[in-house]
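Biologist: I am new to this structure and would love a guided look. Could you take me closely through one part of it, the first helix, and tell me what its side chains do?

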Amino acid sequence: MGQRIDEAIELIEMELRHAVTYVNDAVIPQVRRESITAMRTAADTLRNLADRFEKKGGGAASQSQGSAQGAPQSQTGGQAPNQNTEPRS
């Protein structure tokens, strides 16, 4: 009975290693590619929306920014937020 349990545990561990390898080699790269595409699409959409707002408002928003000149200040005292370039896996 104990030997059968040990064999089952070995098989489960082997299958788990295969699943982890598959996720690391196939799933995560695909998710990253699709996420990058989605972020670029969202950025283009936001850029187009900002252009439309600017055309409708006559550029009043950019004039009221003063010295900011389109560089938004973060709420951390003007420091750039910590940007991690590597997505978590």
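Modeller: Here is a walk along helix H1, with a little background before it. This is a predicted model, in which local features need pLDDT of at least 70 and side-chain atom pairs count only at pLDDT 80 or more, while totals for chains, interfaces and linings use all residues. Residues are numbered from 1 along each chain as its sequence is written, and side-chain values use heavy atoms, with hydrogens and water left out.

The protein chain has two helices and zero strands; helices (H or I, at least four residues) and strands (E, at least two) are DSSP runs, numbered from the N terminus. Of its 89 residues, 3% count as buried, where buried means under 20% relative accessible area, exposed over 50%, and partly exposed in between (1.4 Å probe, protein chains only).

Helix H1 covers residues 2-57. Glu7 sits in this helix and joins Asp6, Glu10 and Glu13 in a negative surface patch. Patches take residues with over 30% relative accessible area and no salt bridge, joining like charges within 9 Å and nonpolar side chains (Val, Leu, Ile, Met, Phe, Trp, Tyr) within 5 Å. Glu7 can take part because its relative accessible area is 40%, which is partly exposed.

Val23, also in helix H1, belongs to a nonpolar patch with Tyr22, Val27 and Val31, and together they have about 340 Å² of accessible area. Val23 is partly exposed, at 36%.

The structure holds one salt bridge, meaning a side-chain nitrogen of Lys or Arg within 4 Å of a carboxyl oxygen of Asp or Glu. Here the side chains of Arg47 and Asp44 meet at 2.8 Å, N to O. These two residues are three apart in helix H1, so about one helical turn separates them. Both partners are partly exposed: Arg47 has 48% relative accessibility, and Asp44 has 41%.

Terms used:
Areas by Shrake-Rupley, 256 points an atom, 1.4 Å probe, with all protein chains shown as cover. Lys, Arg positive; Asp, Glu negative; His and termini not counted. Charge placed at Lys NZ, Arg CZ, Asp CG, Glu CD.
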